[in-house]
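The following exercises concern a predicted model. Each task is followed by a solution that proceeds step by step.

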Amino acid sequence: MMAQTLYDKLWDAHVVDVTQDGRCLIYIDRHLIHEVTSPQAFNGIELAQRQLWRRDSILAVSDHNVPTKDRDGGIKDPVSRTQVETLNQNCHKHNLTEFAMHDERQGIVHIIGPEQGITVPGMTIVCGDSHTSTHGALGALAFGIGTSEVEHVLVTQCLILKKSKNFLINVTGDLDQAVSAKDLILKIIGLIGTAGGTGYTIEFAGDTITSLSIEGRMTICNMAIEAGARTGLVAVDNKTIDYVEGRPFAPKSDLWDKARAYWNTLKSDQSAVFDKSITVDATKIKPQVTWGTSPEMVVSIDGKVPSPSNAENSTKAASMEHALSYMGLEPGTAITDIKLDKVFLGSCTNSRIEDLRAAAEIVKGKKVAKNIKLAMVVPGSGLVKRQAEKEGIDKIFQSAGFEWRSPGCSMCLGMNEDQLQPKERCASTSNRNFEGRQGKEGRTHLASPAMVAAAAINGHFVDII
Amino acid sequence: MKPFEKFTGTTLPIDRANIDTDTIIPKQYLKSVKKTGFGPNLFDDWRYLTTGEPGQDHSKRKLNPEFIMNDPMYKEPSILLARDNFGCGSSREHAVWAIMDYGIKAVIAPSFADIFYNNSLKNGLLPIIATAIDMDSLFIKSMEISGYSLTIDLVKQRVVDTDNFSLSYDIDEFSKYSLLEGLDDIGITLKLKEKILNFEKEYRKKAPWFFDQF
């Protein structure tokens, strides 16, 4: 048998049918749904009088619209409330499992899947959310879909897909202790660009990746989409198996042994051929901060805001001009001279317990700088929040002047009240620095939890090495 | 989905690379539970000088005179021209709904983000990949000629203007057929119901831990 990549193996295990032009009907094991991209799908099903295929493949949660404070007061914005209530009603009507807003297991969909053992290795996992790539860290084939595809999966348990190409990103060497998985993925996006992975599934491999915790690998795969790839993957190893074992929905006893034996095969064969591959030297990577309006517009902490005059072509130069003007920055400004107004620690990229611990380590015993109007921590789930409180992390943040909030997507995209005001500048652990992402005219700088914590204390970015 | 028919329409050139779906339709409008009504909020942050909210009368908001969509030269366009990596970022299909609700039937760009490309096809919006050189000619013409229009033919996979411009584009056979017939993918897949059931039966034996958890 021909040597296969991990992606080839996962794909082959789920092919229901192959059409003449090479498209495949792919079986979907797990469907995560949330309030923003599902209502129109349920409506479509109703209009066409169709049925759901397999209710036990679905987990629902509201995360995008939920308030992160005063949750007992309910959702104030009536439009947001309607959307969350619509999800509740659809779950009730179709008898679906939902972690509702007041359930302690509620949180960001990509945090709670792995946390609960609801997403496990070997699965095909979809969700109407581009950051579904996160789950690939467990050796699962996971990708974001649009609402039409949500409806398609609800009714048929399948998707019509064309196989993407294989892209290997091999990362070797030790990361500096101040450099995290977030810095690594930002660096990679800077290298290959936001369309560098378009049409590909990226497998992240190499000793640097295997040294990362599962949480760190999730941060990496989460942002594969920011490099254009719908799917990011990391091979299964003992860390993966240990991570999954004992989680509430993970297989137990006999099933566990069977599952584990299968999961251990989920890695690329040694002689597998990739359509494209690059090697990245991790030892040279410094903490990263984005300066512009695309995640590829990123530099090291000791760098400067670049000049459009050095751009490779006129389209790039024009994009840089726009970005500089939007961000209110001058070329040549040292990254450490960028003063901030707000700090956001959260999102499906960086709101797991490991992220909060790394940030708390920096914040401990210090105070948020006077120029920071708001510093907030939004844990990824109710259980992350509880764990952090057990460890006293909430107290560390609160005594430093951070707000300690309830779980949700929050200011990563500002669908709830957590938003930037025009021209406010924010250090954020989230994944997108697009124009208006965190609020109209808001200015986002993406960085790691440790960097964002240090920026909160100093009021500007600082070299944490 | 309505069948895609050959049409002639005017162009709207937005000369930017990496236009993301947050820009195409900002987050506050994603709270709707419908597929329609997003047109007035297409490119909302670029189009208006004030922040908009769902449900308000957008015709009363102050327009940004510097944004090309507000230039009377580009009234009621049906073809959008853009640069590389159009539709990157969030998977929100609302971006496609907003573009279509505004009256756009085709987007021509040198490259598209995968999820956006896919979402377009599911809704009858035709994404056309053109070379950078063809894009340059289209941008120049669209910016210089008032009411510059193109005819888009899906059967022949061609784009032409009334002068001497023409380009051919690729599209996979399945998507082409679905667009031309206005077919619903779900209907097509449900014809394979027996195959899916058989697969599921075998698969359940191989990987029982994926089933019956909830």
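**Exercise 1.** Determine how many residues each chain gives to the contact, and describe the side of chain A that touches chain B.

*Solution.* Begin with the totals: chain A contributes 60 residues to the contact and chain B contributes 53 residues. Next, assign the side of chain A that touches chain B to its elements. At least two residues each come from several elements of chain A, among them strand 1 (15-18), strand 2 (24-27), helix 3 (78-93), helix 10 (253-263) and helix 11 (314-327). Helix 5 of chain A provides the largest share, six residues. Finally, sort this side of chain A by class: 28 residues are polar, 20 nonpolar and 12 charged.

**Exercise 2.** Characterise the packing of helix 2 of chain A and helix 5 of chain A by distance, angle, handedness and contact residues.

*Solution.* First, the geometry: the two helix axes come within 8 Å of each other and cross at roughly 50°. An angle of 35 to 65 degrees counts as oblique, and therefore helix 2 of chain A is oblique to helix 5 of chain A. The crossing of these two helices is right-handed. Second, the residues: helix 2 of chain A makes the contact through Gln40(A), Ala41(A), Gly44(A) and Ile45(A), while helix 5 of chain A uses Thr147(A), Val150(A), Glu151(A), Leu154(A) and Val155(A). Third, the classes: five of the contact residues are nonpolar, three are polar and one is charged.

**Exercise 3.** State the strand order of the seven-stranded open sheet in chain B, and explain why one side of strand 4 and of strand 7 is left without a neighbour.

*Solution.* Start from the order, which is 4-3-2-1-5-6-7, with mixed pairing. Strand 4 (126-129) and strand 7 (166-168) of chain B lie at the edges and have a single partner strand each, so one side of each has no neighbour in the sheet. From one strand to the next, the twist averages 25°. Now take one pair within the sheet: strand 5 (residues 149-153) and strand 6 (residues 158-160) of chain B run antiparallel and are joined by three bridges. In this pair, Asp153(B) stands opposite Arg158(B) of strand 6.

**Exercise 4.** Assess whether the radius of gyration of chain A agrees with that of a compact globule.

*Solution.* Count the elements first: chain A contains 15 helices and 19 strands. The C-alpha atoms of chain A fill a box of roughly 55 × 55 × 45 Å along the principal axes. A compact globule with 465 residues would have a radius of gyration near 23 Å; chain A has 21 Å, and the two therefore agree.

Methods: Residues are numbered from 1 along each chain as its sequence is written. Chains are lettered from A and ligands numbered from 1 in the order in which they are written. This is a predicted model: local features need pLDDT of at least 70, side-chain atom pairs count only at pLDDT 80 or more; totals for chains, interfaces and linings use all residues. Two residues are in contact if their C-beta atoms, placed from the backbone, lie within 7 Å. Helices (H or I, at least four residues) and strands (E, at least two) are DSSP runs, numbered from the N terminus. Ala, Val, Leu, Ile, Met, Phe, Trp, Tyr, Cys and Pro count as nonpolar, Asp, Glu, Lys and Arg as charged, and the others, Gly among them, as polar. Two strands pair if DSSP finds at least two bridges between them. Axes are lines fitted to C-alpha atoms, for helices over the stretch in contact, and angles run from 0 to 180 degrees between N-to-C directions. Angles under 35 degrees count as roughly parallel, over 145 as roughly antiparallel, 65 to 115 as roughly perpendicular and the rest as oblique. A crossing is left-handed if the near helix is turned anticlockwise from the far one by less than a right angle, and right-handed if clockwise. The radius of gyration is taken over C-alpha atoms; the globule rule is 2.2 Å times the number of residues to the power 0.38.
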